[in-house]
Amino acid sequence: MSFLTIDNATKSYGSVEVLHRVDIDVQEGEFLVLVGPSGCGKSTLLNMIAGLEDITSGTISIKGKSMNGVHPSNRDIAMVFQSYALYPNMSVAKNITFGLEMHKVPKAERETALRDVAKLLQIEPLLDRKPGQLSGGQRQRVAMGRALVRNPDVFLFDEPLSNLDAKLRVDMRTEIKKLHQKLGTTIVYVTHDQIEAMTLSTRIAVMNGGFIQQLGTPKEIYDTPANLFVATFMGSPSMNLIPVKILEENGGLVAETTNGLGETIKLPFAAPPTGLKDYVGRTITLGLRAEALTDPDGADSKAVNLVTVKNRVIVMEPAGSDTFVMTEFGGQDCNARMRADVQVAPGEDVDFTINMDKVVAFDPETEDRIV
Amino acid sequence: MSFLTIDNATKSYGSVEVLHRVDIDVQEGEFLVLVGPSGCGKSTLLNMIAGLEDITSGTISIKGKSMNGVHPSNRDIAMVFQSYALYPNMSVAKNITFGLEMHKVPKAERETALRDVAKLLQIEPLLDRKPGQLSGGQRQRVAMGRALVRNPDVFLFDEPLSNLDAKLRVDMRTEIKKLHQKLGTTIVYVTHDQIEAMTLSTRIAVMNGGFIQQLGTPKEIYDTPANLFVATFMGSPSMNLIPVKILEENGGLVAETTNGLGETIKLPFAAPPTGLKDYVGRTITLGLRAEALTDPDGADSKAVNLVTVKNRVIVMEPAGSDTFVMTEFGGQDCNARMRADVQVAPGEDVDFTINMDKVVAFDPETEDRIV
Amino acid sequence: MATPAADADFKTKLQTWVPKLVLSPSLALMLVFVYGFILFSVYLSFTDSRILPSYGWVGFENYDKLFRLRHWDIAVNNLIVFAALYIIICSVIGLMLAIFLDQKIRGESVLRPIFLYPMALSFIVTGTAWKWFLDPGIGLEHTMHLWGWESFHFDWIKNRDYAIYTVVLAAVWQSSGFVMAMFLAGLRGIDNEMLKAAQMDGATNFQLYHRIIIPQLRPAFLSAFVILSHLAIKSYDLVVALTGGGPGRATEVPATFMYSYTFTRNQMGIGASSSVIMLMTIVAIMVPYLYSELREKN
Amino acid sequence: MSAGSTDTAVRTGRITRTALYLVLLLFALFYLLPFAIMVINSVKPLTEITGGNMMALPQDWTFDPWVKAWATAQIGVDPTGLKPYFWNSIKMVVPAVAISTILGALNGYVLTKWRFKYDTLIFGFMLFACFIPFQIVLIPMARILGLAGLAGSTPGLVLVHVVYGLGFTTLYFKNYYQVFPTELVRAAQIDGAGFFRIFWRLLLPSSGPIIVVSVIWQFTNIWNDFLFGASFADFDSQPMTVALNNLVQSSTGVKEYNVHFAGAILAALPTLLVYIVAGRYFVRGLMAGSVKG
Amino acid sequence: GDVEVLHWWTSGGEAAALNVLKQDLEGQGTGWNDMPVAGGGGESAMTVLRARVTSGNPPTAVQMLGFDILDWAKEDALADLNAVAVKEGWDDVIPEALQAFAKHDGQWVSAPVNVHSTNWVWANKSVLDANGIAVPANWEEFEAALETLAAAGVTPVAHGGQAWQDATVFDAVAMSAGGPEFYKAAFIDLDEEALGSDTMVESFRRMEVIRGHVDENFSGRDWNLATAMVINGEAGFQMMGDWAKGEFLNAGKVPGEDFLCFRFPGTEDQVTFNADQFAMFDQGGNVSAEQAALATAILSPSFQSAFNVVKGSVPARTDVSDEAFDACGKQGMKDLAAAAASGNLYGSMAHGHAAPAAVKNAIYDVITAHFNGEYDAATAALELVDAVSIAK
Ligand SMILES: Nc1ncnc2c1ncn2[C@@H]1O[C@H](COP(=O)(O)OP(=O)(O)OP(=O)(O)O)[C@@H](O)[C@H]1O
Ligand SMILES: Nc1ncnc2c1ncn2[C@@H]1O[C@H](COP(=O)(O)OP(=O)(O)OP(=O)(O)O)[C@@H](O)[C@H]1O
Ligand SMILES: [Mg+2]
Ligand SMILES: [Mg+2]
């Protein structure tokens with residue numbers, strides 16, 4: 001049996017249902033990330049797990065025990081909020097031990113726990129400060145400390161890094177990851193940053209409009225998105241979507257489209273999804289990640305089926321580590337990720353290599369991936 | 001002569017000097033990006049160019065004419081603010097034409113200008129709305145429209161994208177890039193997002209503590225940072241810094257350090273900077289970008305000098321498009337960027353390939369790059 | 001946006017003096033009508049002015065007389081008792097009502113104006129209503145007796161030792177709603193996530209308010225303090241309407257004292273000296289407060 | 001932060017909630033009681049008041065006191081009721097509230113968006129003015145009004161009320177504009193708008209809530225003021241409170257309490273109206289302005 | 001031209017009475033600008049007056065009492081009415097004691113409207129009859145009457161516990177206890193010995209007796225509510241000036257039948273009075289024609305009669321016919337004339353016709369404190385000496 005079970009849970013505000021029959025099982029020690037656009041219900045779901053919102057129907061259980069109606073403080077969970085929600089009037093030390101105090105943990109024990117956590121998070125010198133005197137990153141660690149000190153069954157994180165600047169975010173991300181590996185606690189983590197989702201999670205639940213769109217490992221989500229929504233939502237830059245016509249040629253399947261010069265090009269599949277046969281003669285949407293569209297030298301040397309085509313460069317954006325080049329396939333702007341050193345200029349026609357191992361195909365009507 | 005000249009400009013608030021003798025020349029049509037940590041004086045400099053802050057000493061001139069003491073509205077500049085600073089009580093159309101109205105442009109002309117800009121930015125359906133009814137991206141475009149409509153000599157942007165979510169940010173970045181290519185106006189752009197800085201600029205000024213640290217093209221900044229500050233500040237993840245000992249071996253120079261297994265490893269330079277000879281026998285800091293530390297299959301096939309060493313994996317973070325792997329060199333945590341498909345696990349010892357073409361060396365005392 | 005460079009264009013120069021120009025009428029009004037008058041009052045307190053200002057210098061005689069007046073002692077003591085109770089009770093009731101109203105109360109939009117409206121009424125006549133209500137012969141006590149609660153006893157307004165508390169009661173009635181509004185505004189400004197965090201930490205509602213929320217209402221407390229002390233110091237109408245300073249002189253306060261000596265007893269010199277003492281007290285309390293507030297904001 | 005929403009995360013049980021409603025209703029009763037006494041007694045004949053229980057409901061309902069207070073009661077020599085004085089008050093309150101609010105807004109604007117040396121000190125000076133006891137200003141003010149030729153006129157009264165309201169309005173607007181984004185002002189400067197244009201087109205249209213606070217405060221204080229109204233008005237500019245006072249405070253004549261109460265309610269109607277109409281924005285305005293959380 | 005008149009007569013009867021004057025003037029082509037400011041028995045009006053004078057914009061004519069007139073005259077603010085007075089022969093028809101407040105340095109500065117006498121007792125006739133009480137002739141009888149009423153369960157004295165009401169009672173009590181010489185020495189001459197004398201202690205002791213016979217809720221009560229207690233038969237007596245009569249009449253009571261009015265026991269020969277007057281403010285050297293007309297109209301016998309009938313007071317001139325007055329009014333006029341003739345007419349301390357405002361209020365402070373039980377009689381007398389010396 002799983003550790004945290006969300007069974008058929010729905011949530012309505014008045015007559016508006018904002019979460020529709022959500023089913024998720026989380027195993028002990030798992031790191032589940034909830035992602036989705038703003039307003040899709042991530043925070044609501046998290047609050048329901050925490051007991052901060054009522055469940056309209058369905059059950060949420062932890063270790064097999066239904067949590068419906070149990071007070072938040074009795075669920076043995078801890079939560080880190082997006083705004084950190086530190087108590088501004090208390091010192092860092094008090095902030096961290098407040099929960100223990102409320103649970104009537106003796107003072108000596110509180111002190112020990114505080115010292116352990118402060119050491120773990122390297123915030124020992126800050127313990128006497130007020131939250132107002134801390135930087136963003138320090139606050140984040142205090143918020144984490146407040147959750148850690150409780151030593152709960154489940155950690156809930158609601159966009160804990162979204163207030164930080166880019167550099168700090170990367171650092172904190174790594175720290176959270178290390179922490180999870182060290183403590184092995186179960187974590188449910190909300191974010192709308194895909195990189196965060198990809199790097200931290202053992203599994204990801206992609207949500208949209210109150211529905212779970214896909215639940216799977218980061219690799220599944222990234223490489224085999226269940227539908228167009230997941231495909232475009234996950235990954236940065238967004239997956240390139242190209243309308244192609246499926247033809248049968250030489251016993252294999254070929255995708256036909258145009259390049260930016262107006263020429264027709266053909267992209268043969270090496271191992272097409274079985275369902276694709278049914279689409280022969282029809283137009284489908286081909287999904288192609290930026291890193292699967294590159295300069296010939298930058299192509300993955302382990303790839304099986306590389307296709308090189310000429311195309312026109314529209315915009316080129318060197319990003320230091322890589323160069324992003326925009327071109328056009330099937331009338332759609334497409335991003336290619338080339339090596340940093342590549343020499344191209346807007347308006348030039350250059351060779352692009354497509355890694356056909358990595359393409360995915362979608363039914364343009366149902367928007368589901370063709371399997 | 002250059003288009004916008006900042007000559008020996010300093011700025012003090014009371015007795016505190018927050019900008020120290022800044023010299024920058026901007027050519028017509030250039031896209032200059034100012035980057036630097038929070039509080040380093042980016043906004044202050046921009047405000048001085050705009051005329052919103054006085055210059056304590058030095059001059060700022062546009063087209064050879066000193067702008068000191070000239071009112072902001074007479075400088076022929078337009079500015080886009082981080083918060084967009086849209087007038088909340090005016091419709092989008094009014095927001096855009098307010099500046100023209102203030103400059104006594106006749107109504108008919110204003111209308112035409114409005115229509116042109118609205119079309120360019122694709123905000124025609126929004127003209128009657130109030131800013132409160134717009135999404136973040138729409139607001140951003142209106143703010144841009146307000147600047148564009150004035151058709152100024154210089155555009156100033158103060159972190160115009162920092163309020164947007166990650167996906168929108170990437171889209172808007174591309175739009176700004178396109179716009180610059182289309183209009184060819186001079187732009188000074190503040191950001192603390194390095195990717196933005198790298199992809200948009202023709203030149204970057206990296207600032208710290210009121211000093212210009214380095215002024216150069218994105219490629220110069222990224223590949224040959226002037227000092228340790230620039231090296232660590234630019235690029236995400238941050239540049240790996242490894243303490244190494246320089247030895248002379250076989251007539252060439254070699255950097256000696258340890259790997260995570262405690263073994264001594266030697267990294268030969270192919271084309272060491274000339275100054276490096278003076279450091280033989282001393283310890284210097286070696287800078288190595290994450291994408292120059294990779295799995296053997298992911299290494300740049302065009303690279304000249306690749307060195308492969310075994311090392312232990314500490315953390316691994318699959319990020320969809322790539323996999324980040326943390327390991328240790330010379331006692332320092334180092335990030336490696338490997339292919340998405342790479343198969344490694346924490347605790348494993350695997351091969352890492354170092355692209356020695358890309359390493360840079362820093363004097364650990366002066367922190368300047370060794371040239 | 002400080003001084004413009006010497007070669008500044010007209011618009012830039014204009015921009016530096018227009019704001020000062022705009023502020024100057026207000027400042028001039030204040031200097032004359034507040035600070036000028038205060039100086040005038042200080043001067044008067046050293047003169048033999050009686051029915052109208054006159055300029056015969058008498059040194060500290062007025063102060064000397066003032067401090068010999070039992071009447072002034074009573075007034076000052078009353079103000080201390082009144083202000084302390086009034087400020088504390090208003091804050092407590094205001095805070096309590098604000099907290100209660102903040103619990104997603106149905107009908108909040110009806111209750112709020114009911115709590116607030118007394119601030120809109122002047123005491124010229126509300127005083128009479130209160131007087132009647134508090135009068136044991138015709139008001140509450142009488143009504144209770146009519147309803148059969150014979151032992152009910154409430155005659156504070158007639159009792160020399162308790163009458164000042166009825167003034168407090170009526171004053172609290174008038175302004176606690178306003179304080180409630182200030183606290184409510186403060187409460188609504190508190191981050192919801194923090195309340196959730198405290199719940200997860202296991203805080204009971206009492207602990208939540210006691211440990212987390214109330215400590216954060218400091219700015220609201222300070223604003224309330226300013227408004228309330230301003231009202232306490234100026235509470236003239238209230239006392240006159242409710243007790244007329246009685247029974248005897250038991251509810252006299254400095255405001256009524258000042259008025260009476262300046263205008264009805266034709267002892268303007270003593271009136272002025274009492275106002276100077278009051279102003280000095282206000283300065284002693286307010287200046288440190290204003291100083292800390294204004295410094296904080298910079 | 002997710003603040004600003006009207007709800008709270010605090011959870012309360014059924015019993016607590018019942019107690020809560022009970023307390024709130026009790027307090028509502030407490031606040032309403034004096035007003036109820038006034039209303040009840042304003043619809044009773046006088047004999048019922050002087051002869052019986054003043055807290056009881058009227059046995060004989062009558063609206064004559066209202067009519068009388070408004071139109072025929074003896075205020076001075078003429079039986080005019082409060083009616084003519086109502087307009088005197090309006091003529092005084094409207095300009096005084098408008099001017100003090102606008103000046104307060106301008107001051108707040110200058111003190112937050114066009115800062116210069118010693119501006120905080122100046123603000124401190126203005127703020128302290130809130131505490132000056134009115135008794136001490138009466139005589140010198142009369143002298144100055146006389147010298148200015150404003151004695152006994154509505155403009156004179158307006159001046160007085162503006163002066164002693166400025167401290168409060170400046171305080172309110174300053175606190176409000178403190179959080180108004182300075183970037184907007186800068187954007188407008190770049191767009192070429194000058195000092196007044198920025199104020200008029202940008203700040204003022206966004207100042208709704210704090211204007212409400214300022215107007216409520218000033219309107220209530222000025223409308224209810226007696227001392228200045230009595231001292232600085234002439235026979236043809238006496239405000240409503242003076243008339244009400246004349247109605248109520250007659251010393252050696254017969255006291256018609258029912259008419260007094262009717263008059264008092266009539267005199268308070270405009271302020272009550274302002275509270276009820278604008279009260280909705282009141283807390284919001286306080287939240288945005290005077291109380292910085 | 002117009003006259004602007006500052007006054008505090010705003011209740012229905014008073015204002016209607018004043019309206020007679022207004023119409024009189026308007027008949028002569030003089031407009032009347034009404035400037036009423038009620039409150040505190042003229043205190044508010046006096047405050048306003050001060051502001052108006054300071055601003056250089058004084059009203060034409062101002063209702064004033066006692067020492068205020070003299071104080072303003074000392075400030076040279078009042079116009080000289082001698083011309084009118086001579087023409088109208090005021091010196092002959094206005095009692096000396098009253099003239100003391102209408103003249104300054106031999107100059108007429110104000111026109112008296114009425115004379116209120118303050119040492120009246122009002123009684124409910126049926127209550128007295130029911131308890132077999134006759135009109136008491138001296139303090140002992142009065143005290144006995146109070147005891148009788150108390151025993152019968154009726155509140156003996158209806159009283160409003162406001163400083164001026166306490167003082168009004170005290171006026172009469174002191175006059176009764178010490179006689180006119182004592183009254184004059186203590187309250188007019190402010191003689192320290194008289195103020196601290198045993199007679200004063202006795203006066204305070206008698207106040208304690210009265211205090212013992214008022215109901216519990218007396219404090220703060222308006223005088224007319226106290227009057228209502230007498231009217232309704234809840235109380236036997238009220239000590240109050242002649243304006244109380246209006247309340248009785250308004251309630252439809254008839255003097256002599258439903259209620260009785262008589263001088264406070266022991267003061268049958270004396271009248272303590274206060275008089276409302278109109279002082280004319282100097283508007284540039286001379287009395288204006290309008291001011292003269294107003295002064296003349298005020299003292300015209302027809303207005304004096306018409307006004308005072310309504311107001312409850314008696315005319316300021318002694319030659320007005322008493323035809324229009326009721327029983328109490330007639331008696332008041334008779335008493336006044338007699339007292340004026342015999343030198344028994346004294347200004348009322350309680351109403352500012354004995355000592356200046358500062359002293360009056362200082363005396364109030366002691367009387368009201370004593371009445372409310374803060375001092376015993378002996379201490380009160382000592383305090384009185386002290387308070388008067390500070391205020392002088
Ligand atoms: N108290 C409420 N009453 C009514 N609707 C609500 C309430 N709280 C949230 N909602 C609605 O529920 C939906 C889900 O909200 P939720 O806060 O869970 O979104 P989210 O996924 O966390 O978004 P974000 O990324 O912006 O934080 C939204 O459409 C929101 O408008
Ligand atoms: N009015 C002022 N008075 C005094 N110091 C100021 C003032 N304005 C800015 N500073 C200081 O000047 C420095 C530069 O500020 P500036 O706003 O230019 O930073 P920035 O680089 O734009 O930072 P950010 O990335 O956070 O926007 C900061 O240290 C700031 O504290
Ligand atoms: Mg959320
Ligand atoms: Mg900035």
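**Exercise 1. Locate Leu18(E) in this predicted model, and decide whether Leu18(E) is buried or exposed.**

Solution. Begin with the secondary structure, where Leu18(E) is found in helix 1 of chain E, the helix that covers residues 12-27. Next, take the relative accessibility, which is 0% for Leu18(E). Since buried means under 20% relative accessible area, Leu18(E) counts as buried because of that 0%. Then list the neighbours, leaving aside residues up to four places away in sequence: within chain E, Leu18(E) touches His7(E), Trp9(E), Trp32(E), Phe278(E) and Phe307(E), and from chain D it touches Val77(D). Finally, look along the chain, where Ala306(E) stands 288 residues from Leu18(E), although the C-alpha atoms of the two are separated by 9.5 Å.

**Exercise 2. Work out which chains chain E does not contact, and which pair of chains has the most contacts.**

Solution. Take chain A to start with: no contact joins chain A to chain E, and their closest C-alpha atoms lie 49 Å apart. Chain B gives a similar step, as no contact joins chain B to chain E and the closest C-alpha atoms of these two lie 46 Å apart. Turning to the pairs that do touch, of which there are eight, the most contacts are found between chains C and D.

**Exercise 3. Describe the interface of chain E and chain C, from the area buried to the residues and helices that take part.**

Solution. The size of an interface is often given as the accessible area lost when the parts come together. Here chain E and chain C bury about 2600 Å² between them, and 48% of this lies on carbon and sulfur atoms. On the side of chain E, Arg50(E), Asn217(E) and Ile390(E) supply 25% of the area that chain E buries against chain C, which is more than any other three residues supply. Counting residues, the contact takes 33 from chain E and 27 from chain C.

The next step is to examine the polar pairs, where the rule finds three salt bridges across the interface of chain E and chain C. One of the salt bridges is formed by Lys131(C) with Asp222(E), whose closest N and O atoms are 3.7 Å apart. Across the interface of chain E and chain C there are also 14 residue pairs in polar contact, with both residues at pLDDT 80 or more. As for the helices of chain E, at least two residues of the side that touches chain C come from each of helix 2 (43-54), helix 3 (66-74), helix 17 (357-371) and helix 18 (377-391). Helix 17 of chain E gives the largest share of that side, namely seven residues.

**Exercise 4. In chain C, compare the cover of helix 12 with the setting of Tyr162(C).**

Solution. Helix 12 of chain C, residues 254-264, is mostly covered, with 11 of its 11 residues buried; among them are Phe257(C), Met258(C), Tyr259(C) and Phe263(C). Just after helix 12 of chain C comes Asn266(C), which takes a positive phi of about 55°. Tyr162(C), by contrast, counts as partly exposed because its relative accessibility is 38%. Tyr162(C) sits in the loop between helix 6 (140-146) and helix 7 (163-188) of chain C. Together with Val81(C), Trp156(C) and Tyr165(C), Tyr162(C) makes a nonpolar surface patch of about 330 Å².

**Exercise 5. Summarise the make-up of chain D.**

Solution. The secondary structure of chain D consists of 13 helices and zero strands. Of its 293 residues, 64% count as buried, and the C-alpha trace of chain D spans about 70 × 65 × 30 Å along its principal axes.

Notes
Residues are numbered from 1 along each chain as its sequence is written. Chains are lettered from A and ligands numbered from 1 in the order in which they are written. This is a predicted model: local features need pLDDT of at least 70, side-chain atom pairs count only at pLDDT 80 or more; totals for chains, interfaces and linings use all residues. Side-chain values use heavy atoms; hydrogens and water are left out. Patches are made of residues with over 30% relative accessible area and no salt bridge: like charges are joined within 9 Å, nonpolar side chains (Val, Leu, Ile, Met, Phe, Trp, Tyr) within 5 Å. Accessible areas come from the Shrake-Rupley method with a 1.4 Å probe; for residues, only the protein chains shown count as cover. A salt bridge is a side-chain nitrogen of Lys or Arg within 4 Å of a carboxyl oxygen of Asp or Glu. Helices (H or I, at least four residues) and strands (E, at least two) are DSSP runs, numbered from the N terminus. Buried means under 20% relative accessible area, exposed over 50%, partly exposed in between (1.4 Å probe, protein chains only). Contact means heavy atoms within 4.5 Å. Buried area is the accessible area (1.4 Å probe) that two parts lose on being put together, summed over both. A polar contact is a pair of N or O atoms within 3.5 Å; within protein, one must be able to donate a hydrogen and the other to accept it, and residues adjacent in sequence count only if both atoms are side-chain atoms.
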